Amino acid sequence: MRYVVRRVLISAGMLAGLSVVIFAVLRALPGDPVTARLGAAQGFDQAAIDRLRAAAGLDRPLVTQYLAWVSGMLRGDLGDSYFNRMPVSDLIAARLGPTLELTVLAVALSVAVATPAAIAAAVRPDGWADRLIGALASAGMAFPPFVAGILLILAFSVTLRWLPARGFVPLSESVGGNLASLALPAVSLSAVAAPLVLRYLRGELITALASAYARTAEGKGAPRRVVVVRHALRNAALPSLTMLGLIVGYTLGGSVIVEYTFGFSGLGSLSVESAFQRDYAVLQSVVLLVSALFIGVSLAVDLAVWALDPRTRSRRA
């Protein structure tokens, strides 16, 4: 139980530290929401600009602004957008669903592709299948997700015209349209995430297949398929959960550029739009939310491994 309490406190501390870093980095960027909103508009002297900054609360000391932001979050109030004056919580709520859908689909696709490939590579290490899968995995890891997205658009949207190149269709409007709009962004993200899962799972499988319990099962006449799936894969999957938590965070981070590439109305595109507009109120809340999701998933995975694996409990007791 001490491990659980310590892990929760560490996660809370990381989140608090990240809120300071996010706030400080955004305030260090050149420009502010007022100058970004005015742009090239004429007729605004310095006194008018100062009044707009004061109305937005940007003339207050940074410490006061930070404490106001944090105390508002604790009350469930993320403030209003500097640009359209809409509540930030409403803007995030409208974009959160598509990003979560995309992340879940991309992670599921990564696991579905990586698991059989890792098994095929691990049953004969250094064989032709292992080398071929390793080469494909290296090629996949070399592609940034947005490059994979552009290539997929050229192939399946421009040339074959099978799938839409941009936009998001809500699940409530059309199941088929929803899956079609998610397909290319999810494949773009999983093309990079799947090799990471594959490499980690392959290593764990090779270790499991060389262990005493796997050799004992084979010695008792268990079919190779049963040894691999029932014994080795079950034991290798548990340590791989840690990597899966990292993949979720990686996919959430990668969705920022992928969503913008595909004109996808999720948190990633909202953060890019807010960055261009210097809309601190929206951007800092979106970045902190994505960070909180990553920390929360990592915490859940660590606690799941701790609860399911007696070896982990004994090491961390």
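Colleague: Hi! How many salt bridges does the rule find across the interface of domain 1 and domain 2?
Modeller: The rule finds 1 across that interface, where a salt bridge is a side-chain nitrogen of Lys or Arg within 4 Å of a carboxyl oxygen of Asp or Glu. This is a predicted model, where local features need pLDDT of at least 70 and side-chain atom pairs count only at pLDDT 80 or more, while totals for chains, interfaces and linings use all residues. Residues are numbered from 1 along each chain as its sequence is written, and side-chain values use heavy atoms, with hydrogens and water left out.

Colleague: And how many residue pairs are in polar contact across the interface of domain 1 and domain 2?
Modeller: There are 3 such pairs, with both residues at pLDDT 80 or more. A polar contact is a pair of N or O atoms within 3.5 Å; within protein, one must be able to donate a hydrogen and the other to accept it, and residues adjacent in sequence count only if both atoms are side-chain atoms.

Colleague: Which elements give two or more residues to the side of domain 1 that touches domain 2?
Modeller: They are helix H1 (2–28), helix H2 (33–38) and helix H4 (62–74). H1 gives the most, with 12 residues. Helices here are DSSP runs of H or I with at least four residues, strands are runs of E with at least two, and both are numbered from the N terminus.

Colleague: Where are the domain bounds?
Modeller: Domain 1 covers 1–88 and domain 2 covers 94–302, with bounds from an automatic or database domain assignment. The area buried between domain 1 and domain 2 is about 2000 Å², and carbon and sulfur atoms give 70% of that. Arg 7, Ile 22 and Leu 26 supply 23% of what domain 1 buries against domain 2, more than any other three residues. Buried area is the accessible area (1.4 Å probe) that two parts lose on being put together, summed over both.

Colleague: Back to charges: how many salt bridges does the count come to by this rule?
Modeller: The count comes to 4. One pair is Asp 302 in helix H12 (residues 280–308) with Arg 7 in helix H1, so it ties together parts that are 295 residues apart in sequence. Their side chains meet at 2.8 Å, N to O.

Colleague: Is Arg 7 buried or exposed?
Modeller: Arg 7 is buried, at a relative accessible area of 14%, and Asp 302 also counts as buried, at 16%. Buried means under 20% relative accessible area, exposed over 50%, and partly exposed in between (1.4 Å probe, protein chains only).

Colleague: Which residue does Arg 202 meet in a salt bridge?
Modeller: Asp 130, at 2.8 Å, N to O. Arg 202 sits in helix H8 (residues 175–209) and Asp 130 in helix H6 (residues 128–142), 72 residues apart. Asp 130 is buried at 7%, whereas Arg 202 is partly exposed at 24%.

Colleague: New topic: what does Ser 271 touch?
Modeller: Leaving out residues up to four places away in sequence, Ser 271 touches Val 256, Leu 283 and Val 286, where contact means heavy atoms within 4.5 Å. Ser 271 belongs to helix H11 (residues 267–277) and is buried, with 8% relative accessible area.

Colleague: Last one: how many helices and strands does the chain have?
Modeller: The secondary structure comes to 13 helices and 0 strands. Buried residues make up 38% of the 317 residues, and the C-alpha trace spans about 85 × 55 × 35 Å along its principal axes.
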